[in-house]
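Here's a friendly walk through a protein for someone meeting it for the first time. Have a look at the sequence and the model, then read on.

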Amino acid sequence: MLRRTLYCGLLLMAPVLAQAAPPNIVLILADDLGFTDIQPFASEIATPSLAALADNGIRFTNHHVAASCAPTRAMLLTGVDSHLNGVPNIPEAMPPSQRGRNGYDGVLSHQVQTVATLLREHGYHTYVSGKWHLGKDASRLPDQRGFERSVILADSGADNWSQRPYLPMYRTAQWYKDGQPHQLPNEFYSSEYIVDQAIAQIDSQHGDGQPFFSYVAFQAVHIPVQVPAAYRAMYESHYQQGWSALREQRYRAAVAAGLVPPSTALTAMNSTADWTALSNAQQRDWARRMAVYAGMVQAMDHHIGRLVEHLKALGEYDNTVFVFMSDNGPEPADPVARFGLPFVLWMKAMGFNTDYGSLGERDSYVVIGPGFASAAASPLSYYKYYAGEGGLRVPMIIAGAGVAAPGRQSPALTHVTDIVPTLLDLSGAAPPGDDYYQPTGKSLLPVLADQRERVRGEDDALGYELGGNAALFKGDYKLVKNLPPAGDGRWHLYNIVSDPGESRDLSESMPERLATMLADYEDYARRNGVLAVPDGYDQLQQVSWNSIMARKTEWLSAGLLLFVLVYGGLLWRRKRLRG
């Protein structure tokens, strides 16, 4: 620990990183945002606030997370692999055979410390506003995990217009403020409210000489996708050609921007329907759904801009580090298509609708489905839940204080566990004590200082697993396995530097590398306690089953009542007919 402290101190004394005081830190997390969903990453969606941050920072084009939200969030705040920090999968999708075993709790373990705790011990004010999803018992809410002030959604998602759940497994949308249940105001839109709370938290203790850490976790663009109509209107004419055309358009833009090499091949997902086979009404409906999605991204960017401008007005902008990223790739799920009438009935009972005229507005329930999810991840393969690059590779920007030669792109292989070591080095805070798991990521300080191009060597192995989908990164190569229905359950080998679209399987032409990386993955799985999923495991089906089990007493009672009413009505009608 002493050697690490001395090394960090020497780096912080370097002229390019010298600060008069420890920098403020703003960590911004989007939800289910695809690789090419923002302007600095070749998107047609206007995100000028993020573009400005990119101009003042570095775009990381080879950055990886988990393919589902809570595991990423747990690694983002601890720097520890999800199988050791207690969140190897979202609790809503945990199969009964895994739940509670060997760290498979689905909530943040007490064997890890959050970066908020470490920064607070170093003299920082610590704030969080937005989605939490790391546990809702008293010991796991943010006020017990290092945050001084907190306004958070404890669940995996919720309505963006009101305090209403988005899945049948939840009775309500559970918001908390400073550890106590919180009631949202009547006038509420999630992106606006989350930034309002972040600004209020920063203002509450501004001027006392202490730096701050603000974790701003948006609901955008998690389902239900919702946005004020004015934002949707900006994109009404953008998506009439469909998802395959958009995927092709973004692919060409990504190559032109240097985000991926010209050797990248664009693969077709087997879950992408033929746009031309849809009726005119269906095409119109899906195009407007994507317009809602684009508008929600732009609305998030607008509110990020409000936060940035507020920090400028306070005189804090020049000494603030900004980190922006997504928690995973875009969401392909379409609950109505998958679960049919039961979900439609639940939506109606909750007051949701899918009316074309008000798509995305209050009471509207919008998803973009697998077709536009594949376009949002372009030119990568797969999307959320899967270990393909489209599920794991997301945009990341680090900007502001401590960044040398801003405006660069970095192709360095980076991982969500790298953020905590980076923030500790930038702030000078100490790592966790010996009683806790230590961060396993690499500090990105050498890349920020423009001193090195990579933080991982050719022999550094980086393992991953979530819900049976698995991967291992080593050098320029990636070993990956995706389960059905989108995958085939077999291991494949790709060079993701020359082939980020994962189109050319090298497993047969490079058998020695395949064998070595398979052994590396088995070592990773053993060291981190990875458990096998049950045969036939499907994450979305498990969510459905867990939803039923979470409220089985209520469903059984409702079913019994419905039976009594229907049977009683039939008896009454029969008696009346006889009379």
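Let's start with charge: the protein carries 49 positive and 58 negative side chains. The centres of those two sets sit 8 Å apart. Keep in mind that this is a predicted model.

**Overall build**

How many helices and strands are there in the protein? There are 17 helices and 16 strands. Along its principal axes, the C-alpha trace spans about 95 × 60 × 50 Å. For 579 residues, a compact globule would be expected to have a radius of gyration near 25 Å, and the protein's value of 24 Å agrees with that.

On the inside, 60% of the 579 residues count as buried. On the outside, about 22,400 Å² is exposed, with carbon and sulfur atoms supplying 54% of that area. As for the contacts, take those between residues at least 6 apart in sequence: 74% of them join residues at least 24 apart.

**The ten-stranded sheet**

Ten strands come together in an open sheet with mixed pairing. If you want to trace it on screen, follow the order β7-β6-β5-β4-β8-β1-β9-β10-β2-β11. Which are the edge strands, pairing on one side only? They are β7 and β11, the latter covering residues 408–410.

Inside that order, try zooming in on β2 (residues 57–60) and β10 (residues 396–400), which run antiparallel and are joined by four bridges. One residue to look for here is R59, whose bridge partner in β10 is I397.

**Backbone oddities**

A few places in the loops are worth a stop. Two peptide bonds are worth finding, and each is cis: the one from A220 to V221, with omega near 5 degrees, and the one from P484 to P485, with omega near 10 degrees. V221 belongs to the loop between β8 (212–217) and α6 (229–233). P485, for its part, is in the loop between β15 (477–481) and β16 (491–495).

Then there are D178, with a positive phi although it isn't a glycine, and Y385, which likewise isn't a glycine but has a positive phi. Here are the angles for these four spots:

| Where | Angle |
|---|---|
| A220 to V221 | omega near 5 degrees |
| P484 to P485 | omega near 10 degrees |
| D178 | phi about 50 degrees |
| Y385 | phi about 85 degrees |

You'll find D178 in the loop between β6 (175–177) and β7 (180–181). Its relative accessibility is 33%, so D178 counts as partly exposed. Y385 is in the loop between α11 (369–376) and α12 (389–392). Is Y385 buried or exposed? Y385 counts as buried, because its relative accessibility is 10%, and buried means under 20%.

**A proline out in the open**

Last stop: P262, in the loop between α7 (243–256) and α8 (280–314). P262 has a relative accessible area of 70%, so it is exposed; the cut-off for that is over 50%. How far apart in space are P262 and L184, C-alpha to C-alpha? The gap between P262 and L184 is 48 Å in space, while in sequence they are 78 residues apart.

Key: Residues numbered from 1 in each chain as written. Predicted model: local features only at pLDDT ≥ 70, side-chain atom pairs only at ≥ 80, totals over all residues. Heavy atoms only, no water. Helix = DSSP H or I, 4+ residues; strand = E, 2+ residues; numbered from the N terminus. Rg over C-alpha atoms; globule rule 2.2 N^0.38 Å. Buried < 20%, exposed > 50% of the residue type's maximum accessible area, 1.4 Å probe, protein only. Contact = heavy atoms within 4.5 Å. Areas by Shrake-Rupley, 256 points an atom, 1.4 Å probe, with all protein chains shown as cover. Lys, Arg positive; Asp, Glu negative; His and termini not counted. Charge placed at Lys NZ, Arg CZ, Asp CG, Glu CD. Pairing = 2+ DSSP bridges.
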